[in-house]
Amino acid sequence: MINLEIPRKFKPLVRQAHETAAEVLRPISRKYDRAEHSRPVELDMMAAVIDGMNAGNSDVGGTGATGVRRDAADASQGNRNGTNISTCLSIMELCWGDVGMLLSMPRQGLGNAAIASVANEEQLKRFKGRWAAMAITEPGCGSDSAAIKTSAKLDGDHYVLNGEKIYVTAGERADLVVVWATLDKSLGRAAIKSFVVEKGTPGFELVRLEHKLGIRASDTAHFMITNCRVPKENLLGDPEVNPEKSFAGVMQTFDNTRPLVASMAVGLTRACIEEMGQILKDCGLTVDYSRPLHRQPSAVADFVRMQADYEAARLLTLQAAWMADNGRPNSLEASLAKAKAGRTCVDVALKCVELAGSIGYTETSLLEKWSRDAKILDIFEGTQQIQLLIIARRLLGKSSAELK
């Protein structure tokens with residue numbers, strides 16, 4: 001059974017991550033929010049530190065996206081707190097500091113999590129130490145990954161990719177991009193595969209960087225893919241099209257990465273709540289948890305409700321990660337965590353801006369910035385709407401064809 005306390009072996013890791021967030025990320029948070037598209041050079045040293053922490057704590061687990069493991073644990077081994085839990089805990093702390101900074105951390109892209117989840121041993125060695133972004137979204141395809149039109153045709157020892165990808169987080173700065181493409185559109189979901197494309201490959205062209213509402217420290221790229229030849233050894237997973245397993249295998253990546261995004265939302269939610277708690281204290285308002293909410297000031301009652309939502313989101317996220325560590329199917333739980341954490345983060349951030357009044361709308365505190373950063377956490381890795389659809393299918397036992 002899951003233990004709701006932070007495992008003792010992870011406490012030093014969590015402490016280090018929090019110190020990094022407090023001493024490195026948060027102090028430069030405003031700087032790179034204003035300087036959109038500027039690379040946070042301070043993170044180069046931090047990436048090296050994280051690499052060292054991963055190398056020196058292999059028995060404890062990872063501290064970033066590369067800490068996610070694709071190998072299922074033996075459920076008969078009993079309760080196991082592994083790399084998925086440790087990764088989520090460290091991400092929560094780092095995003096308490098700044099979400100955009102975490103997304104700008106070299107070698108910590110969502111593509112790294114995808115590679116760590118499904119790559120074979122040879123690919124793991126070949127791509128080790130390289131920064132990987134993930135390209136799924138297209139102009140006509142958002143959360144419905146099955147609608148992908150980017151094509152991949154086998155030609156000798158290469159796949160030839162053609163298509164367009166938008167909203168690629170860390171797309172410009174990353175060394176590699178994991179591109180989702182279809183081997184045969186007529187075969188539907190089963191033909192969708194993921195390919196590792198190295199930056200600089202002919203036919204893989206950066207069109208532009210997007211100007212965004214939030215997470216401005218992170219670059220978000222738009223790519224055109226024209227007759228881009230990718231070695232067939234760069235295909236992740238089984239090259240065969242199997243209607244029973246192929247798309248499910250690709251989608252299993254989300255079962256690992258959605259708890260990571262939920263962890264980002266949990267970390268940012270906690271930052272907002274702690275800031276709001278200090279503002280209430282400065283205003284002379286105190287929280288009395290022994291009294292009914294209707295007998296306390298409205299702002300205090302709202303604050304307690306936000307804390308309850310935060311705890312629910314945090315526990316759902318840890319449950320999804322724990323299940324992955326223990327070899328249990330967690331597709332439902334991963335979507336539950338992503339849906340709850342994403343919505344909670346947006347609701348809490350906006351409510352804190354509202355309760356803080358003028359402080360929330362200005363650059364006096366970081367609440368204004370956090371309210372902008374929060375929105376993407378309810379969108380990428382599957383929108384709120386698609387998560388609720390996935391949850392409904394799992395609970396009702398319906399297929400995607402039966403429940404749209």
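## A walk through the cores and salt bridges

Of the 63 residues in the largest nonpolar core, M264, L268, C272, M276, L367 and L377 touch the most other members. Keep in mind as you explore that this is a predicted model.

Which helices build this core? At least two residues each come from α1 (11–25), α3 (42–56), α4 (83–97), α5 (99–103), α8 (246–282), α9 (298–325), α10 and α12. Helix α8 gives the most, with 13 residues. Apart from this core lies another one, made of 24 residues, and W131, V177, I225 and C228 are among them.

Let us zoom in on L268, one of the core residues named above. Leaving aside residues up to four places away in sequence, L268 touches C95, W96, V99, C345, W370, D373, A374 and L377.

Now look at A349, which is found in helix α10 (residues 331–356). Is A349 buried or exposed? Its relative accessibility is 0%, so A349 counts as buried; the cut-off for that word is under 20%. What does A349 touch? Not counting residues up to four places away in sequence, the partners of A349 are C272, W370, S371 and A374. Two of these names, W370 and A374, also appear among the contacts of L268. For a sense of distance, pick out the C-alpha atoms of A349 and N227: they are separated by 44 Å, and the two residues are 122 apart along the chain.

Helix α6 (residues 110–118) is a good place to think about burial. Because 8 of its 9 residues are buried, α6 is largely enclosed by the rest of the structure. The buried ones are L110, G111, N112, A113, A114, I115, A116 and S117.

Next come the charged side chains. How many salt bridges does the structure hold? There are 24 salt bridges, and three of them are set out here with the distance between the closest N and O atoms.

| Salt bridge | N to O distance |
|---|---|
| E363 and R34 | 2.6 Å |
| D44 and R39 | 2.7 Å |
| R126 and E122 | 2.7 Å |

The pair E363 and R34 is worth finding in the model. E363 lies in the loop between α11 (358–361) and α12 (367–374), while R34 belongs to helix α2 (residues 29–34), so this pair ties together parts that are 329 residues apart in sequence. With a relative accessible area of 48%, E363 is partly exposed, whereas R34, at 55%, counts as exposed. The line between these two classes is drawn at 50%, which is why the two partners get separate labels.

In the salt bridge between D44 and R39, D44 is partly exposed at 34% relative accessible area, and R39 is partly exposed at 42%.

The third pair sits within a single helix. R126 and E122 are 4 residues apart in helix α7 (residues 121–127), so about one helical turn separates them. Why does that spacing suit a meeting of side chains? An α-helix has 3.6 residues a turn, so residues three or four places apart point the same way. R126 is partly exposed, with a relative accessible area of 29%, and E122 is partly exposed as well, at 43%.

Finally, salt bridges that share partners join R30, D33, R34, E363, E368 and R372 into one network. You have already met E363 and R34 as a pair, and both of them are members of this network.

Technical notes. Residues numbered from 1 in each chain as written. Predicted model: local features only at pLDDT ≥ 70, side-chain atom pairs only at ≥ 80, totals over all residues. Heavy atoms only, no water. Buried < 20%, exposed > 50% of the residue type's maximum accessible area, 1.4 Å probe, protein only. Contact = heavy atoms within 4.5 Å. Salt bridge = Lys/Arg side-chain N within 4 Å of Asp/Glu carboxyl O. Core = buried A, V, L, I, M, F, W, Y, C linked by side-chain atoms within 4.5 Å.
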